[in-house]
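Here is a brief report on one protein structure. It covers a pocket, a helix, a strand residue and the cysteines.

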Amino acid sequence: MQANIPFSYDIPCPQCPLRMCEVFQSVSDDELDFISALKAGELRTGPGSTVFQEGMPSDQLFTLLEGWAFRYKTLDDGRRQITSFVLPGDFIGIQGSMLGDMDHSVETLTPAVLCSFPRKRVWELYQNCSSLAFDITWLAARQESILNEHLLSLGRRNAVECAAYYILHLYLRAHDVGLVTEGRVRFPFTQEHLADALGLSLVHTNKTLKKLWADGLIQWEHGWCFIPDIARLAELAKFDLGQPRTRPLL
């Protein structure tokens with residue numbers, strides 16, 4: 001496990017590079033001032049660092065500024081279910097009890113920078129900035145919608161459809177935040193991580209990816225993923241490419 005570097009404050013909110021991404025909704029000057037006042041600082045950490053630990057309290061909420069992470073739950077015997085991957089712009093820590101112990105864990109996959117917000121001050125949003133309070137509520141609702149879709153995949157899509165849906169979902173999210181270059185994105189997770197997200201064995205996941213590759217639907221080598229025909233992959237996955245993807249950024 002990597003050690004976390006103490007908080008710094010190197011990137012002022014008005015200079016946040018993520019705000020240049022079209023996927024994120026614009027904010028007013030007053031809203032940006034409120035976010036700046038709420039921000040406690042930035043946490044810099046390496047890969048394999050625990051941001052939240054299931055069963056432990058946390059007095060912080062975070063927006064991932066740089067890097068990748070994943071959210072997961074475990075059984076007593078150590079078996080793990082990855083519930084989502086975390087990309088830049090994602091707001092984490094609201095997926096569970098706001099005041100009690102965390103009911104899930106979050107671990108970084110890469111070096112990461114996270115903007116920190118004191119959990120106890122969230123109520124100030126609802127008291128003093130209703131538009132940002134709505135944004136937090138919207139983000140929580142959107143996360144539930146995404147989890148519902150993944151639950152549908154786990155329960156009703158076959159393995160190939162499920163993998164196709166998940167890979168396309170991650171590819172588009174990476175594209176939205178500028179992580180796709182010349183049609184390729186570097187996925188920093190292993191097939192084991194993907195297996196834990198899909199609810200499949202590692203062997204079954206490997207066979208499924210080979211099937212998608214053989215059918216010309218994906219190319220995934222040395223961590224780099226390329227989708228030759230997004231529409232064709234979406235058709236297989238029953239993925240709605242028309243759904244809006246714009247969202248708030250805190």
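## Largest pocket

The largest pocket has a volume of about 530 Å³. A pocket is an open set of points on a 1 Å grid over the protein atoms alone, where a 1.4 Å probe fits, with protein on both sides within 12 Å along at least five of seven lines; lining residues have an atom within 4 Å of a point. Points are joined across faces, edges and corners, and the volume is the space filled by probe spheres set on them.

Of the 32 residues lining the largest pocket, Arg142, Ile146, His169, Arg173 and Arg247 are the closest to its centre. Strand E6 (80-86), strand E7 (91-92), helix H3 (130-156) and helix H4 (159-176) each give two or more residues to this lining. H3 gives the most, with eight residues. Helices (H or I, at least four residues) and strands (E, at least two) are DSSP runs, numbered from the N terminus.

The model is predicted: local features need pLDDT of at least 70, side-chain atom pairs count only at pLDDT 80 or more, and totals for chains, interfaces and linings use all residues. Residues are numbered from 1 along each chain as its sequence is written, and side-chain values use heavy atoms, leaving out hydrogens and water.

## Helix H5

Helix H5 spans residues 191-198, and six of its eight residues are buried, so it is largely enclosed by the rest of the structure. Buried means under 20% relative accessible area, exposed over 50%, partly exposed in between (1.4 Å probe, protein chains only). The buried residues are His193, Leu194, Ala195, Asp196, Ala197 and Leu198. Their cover includes strand E5 (69-74), E6, H3, H4, helix H6 (202-214) and strand E12 (219-221), where contact means heavy atoms within 4.5 Å. Gly199 follows H5 and has a positive phi, near 70°.

## Ser105

Ser105 lies in strand E8 (residues 105-108). Ser105 is buried, at 1% relative accessibility. Leaving out residues up to four places away in sequence, Ser105 touches Phe52, Gln53, Glu54, Phe70, Arg71 and Tyr72. The Ser105 side chain reaches the backbone nitrogen of Glu54 at 2.8 Å.

## Cysteines

How many disulfides are there? The count is zero, where a disulfide is a pair of cysteine sulfur atoms within 2.5 Å. Two cysteines show why the sulfurs stay unpaired: each distance below is too far for a bond.

| Cysteine | Closest cysteine sulfur | Distance | Relative accessible area |
|---|---|---|---|
| Cys13 | Cys115 | 6.3 Å | 8%, buried |
| Cys162 | Cys225 | 15 Å | 3%, buried |

Terms used
A polar contact is a pair of N or O atoms within 3.5 Å; within protein, one must be able to donate a hydrogen and the other to accept it, and residues adjacent in sequence count only if both atoms are side-chain atoms.
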